[in-house]
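Colleague: I would like a close look at a single part of this model. Please keep it brisk and take me through the surroundings as well.

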Amino acid sequence: MPAGVAAPLPDGFPHGRAVCPVCWDFVDLENDALTDHDAFTGPSDEQDAAARAAWFNTHGWADETATVSD
Ligand SMILES: [Zn+2]
């Protein structure tokens with residue numbers, strides 16, 4: 001597992017993505033770096049909102065794996 005991948009919940013969320021330390025979105029990784037993305041403006045739907053809430057409740061807002069090197 002490459003550095004930066006967020007720890008998954010039992011259901012697999014966020015599915016190999018990493019937490020962006022700037023906008024707190026879950027972002028795909030490429031070569032262990034966050035891919036370009038639009039700043040997070042809110043969950044896409046209720047399921048996404050619930051999954052995000054569950055993840056942050058479980059893993060918190062200061063996940064050390066969110067460190068970005070670029
Ligand atoms: Zn971001």
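Which residues does phenylalanine 13 touch, not counting residues up to four places away in sequence?

Modeller: This is a predicted model, so read what follows as computed from it. Phenylalanine 13 touches Pro8, Ala51 and Trp55, once residues up to four places away in sequence are left out.

Start with its place in the chain. The pattern along the sequence is β-β-β-β-α. That is 4 strands and 1 helix. Phenylalanine 13 sits in the segment before β1.

Now the partners. Alanine 51 is 38 residues away from phenylalanine 13 along the chain, yet their C-alpha atoms are separated by 6.9 Å. Helix α1 covers residues 46-59. Both Ala51 and Trp55 fall in that range, and both touch phenylalanine 13. The contact set therefore links the segment before β1 to α1.

Is phenylalanine 13 buried or exposed? Neither label fits: it is partly exposed, because 19 other C-beta atoms lie within 10 Å, and a buried residue needs 20 or more.

The helix itself is hardly covered. Of the 14 residues in α1, the count of buried ones is 1. Its reach from first C-alpha to last is 20 Å, close to the 20 Å expected at 1.5 Å a residue. Just after α1, glycine 60 takes a positive phi of about 80°.

For contrast, take valine 27. Its place is in strand β2. Valine 27 counts as buried because 23 other C-beta atoms lie within 10 Å, where the cut-off is 20 or more. Beyond four places in sequence, its contacts are Arg17, Ala18, Cys20, Leu34, Thr35 and His37.

Two of those contacts, Ala18 and Leu34, also appear with valine 27 in the largest nonpolar core. That core has 6 residues: Ala6, Ala18, Val19, Phe26, Val27 and Leu34. Strands β1 (18-19) and β2 (26-27) each supply at least two of them. Nonpolar side chains tend to be buried together in soluble globular proteins. Alanine 6, another core member, is 21 residues from valine 27 in sequence, with 9.7 Å between their C-alpha atoms.

Last, the chain as a whole. Buried residues make up 13% of its 70 residues. Among contacts between residues at least 6 apart in sequence, 43% join residues at least 24 apart. The pair of phenylalanine 13 and alanine 51, at 38 residues apart, is one of the contacts listed for phenylalanine 13.

Notes:
Residues numbered from 1 in each chain as written. Helix = DSSP H or I, 4+ residues; strand = E, 2+ residues; numbered from the N terminus. Buried ≥ 20, exposed ≤ 12 C-beta atoms within 10 Å, placed from the backbone. Contact = placed C-beta atoms within 7 Å. Core = buried A, V, L, I, M, F, W, Y, C linked by C-beta atoms within 7 Å. Expected span 1.5 Å × (residues − 1).
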